[in-house]
Amino acid sequence: MPRMKEIKIEETEDGCLECTSHSVNCAYPVINVSGRVVSMHRYVWEVENGPIHEWLVVRHLCGNSRCCNINHLTLGTMADNVRDQIVMGRRASGEDHKQSKMTWKIVDDILTSTKNGETGTSIARRLGLSN
């Protein structure tokens with residue numbers, strides 16, 4: 001049976017325990033457990049507390065996605081997690097979102113043009129937008 005790679009942890013000034021030894025997948029350190037790729041924070045939670053219900057996520061109360069300090073982790077729903085991200089300023093929205101196609105200026109132009117009676121088709125052509 002192959003051995004698991006040694007896990008190296010560094011403590012930050014905020015008390016976060018960051019995994020520095022394993023690859024980061026979408027900002028979360030991941031490990032291979034019995035052929036299954038698992039986020040380090042989920043692995044730590046399951047070792048300490050047992051299995052996680054499929055409809056729950058492990059939230060970072062500290063806001064540090066690399067942290068695996070069990071005292072900084074809690075279970076919640078995806079809605080709880082999104083709310084955490086918004087409150088902590090970690091959720092991109094509007095122009096800051098990586099999939100954003102429009103600026104706030106364009107959105108304002110569309111809303112104003114619509115209020116002034118311009119059709120959606122006309123606005124899309126004028127702005128060079130399509131679906």
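**Close-up views of a predicted model**

**View A. Asn69 and its contacts.** Leaving aside neighbours within four places in sequence, Asn69 is in contact with Gly15 and Leu17 in this predicted model. Asn69 belongs to the loop that runs between β6 and β7, and this loop residue is buried, its relative accessible area being 11%.

**View B. Cysteines without a disulfide.** A search of the whole structure finds zero disulfides, a disulfide being a covalent bond between the sulfur atoms of two cysteines. For Cys62, the closest cysteine sulfur is that of Cys16, at 3.7 Å, which is too far for a bond, because a pair of sulfur atoms counts as a disulfide within 2.5 Å. For Cys67, the closest cysteine sulfur is again in Cys16, here at 3.8 Å, and this separation is likewise too far for a bond. The surroundings of these residues may be read from their accessibility: Cys62 is partly exposed, with a relative accessible area of 32%, whereas Cys67 is buried, with a relative accessible area of 1%.

**View C. The buried side of α1.** In helix α1, which spans residues 40-49, the buried residues include Met40, His41, Val44 and Trp45. These residues lie on the same side of α1, because they cover an arc of only 135 degrees around the axis. Among the elements that cover the buried residues of α1 are the strands β2 (17-19), β4 (28-33) and β5 (36-39), together with β6 and β7 (73-76). Just after α1 comes Gly50, whose phi is positive, at about 95 degrees.

**View D. The largest pocket and its lining.** The largest pocket has a volume of about 160 Å³. Its lining draws at least two residues from each of α1 (40-49), β6 (57-60) and α2 (78-87). Along the sequence, the residues that line this pocket are Tyr28, His41, Arg42, Val57, Val58, Arg59, His60, Met78, Asn81, Asp84, Gln85 and Arg90. By character, the lining divides into four nonpolar, four polar and four charged residues. His41 thus appears in two of these views, as one of the residues lining the largest pocket and as one of the buried residues of α1. Strand β6 also recurs, since it supplies at least two residues of the pocket lining and is included in what covers the buried residues of α1.

Definitions and conventions
Residues numbered from 1 in each chain as written. Predicted model: local features only at pLDDT ≥ 70, side-chain atom pairs only at ≥ 80, totals over all residues. Heavy atoms only, no water. Buried < 20%, exposed > 50% of the residue type's maximum accessible area, 1.4 Å probe, protein only. 1 Å grid on protein atoms, 1.4 Å probe; cavity = no way out; pocket = protein on both sides within 12 Å on 5 of 7 lines; lining within 4 Å. Points joined across faces, edges and corners; volume = space filled by probe spheres on them. Helix = DSSP H or I, 4+ residues; strand = E, 2+ residues; numbered from the N terminus. Nonpolar A, V, L, I, M, F, W, Y, C, P; charged D, E, K, R; others polar. Arc of directions from axis to C-beta. Contact = heavy atoms within 4.5 Å.
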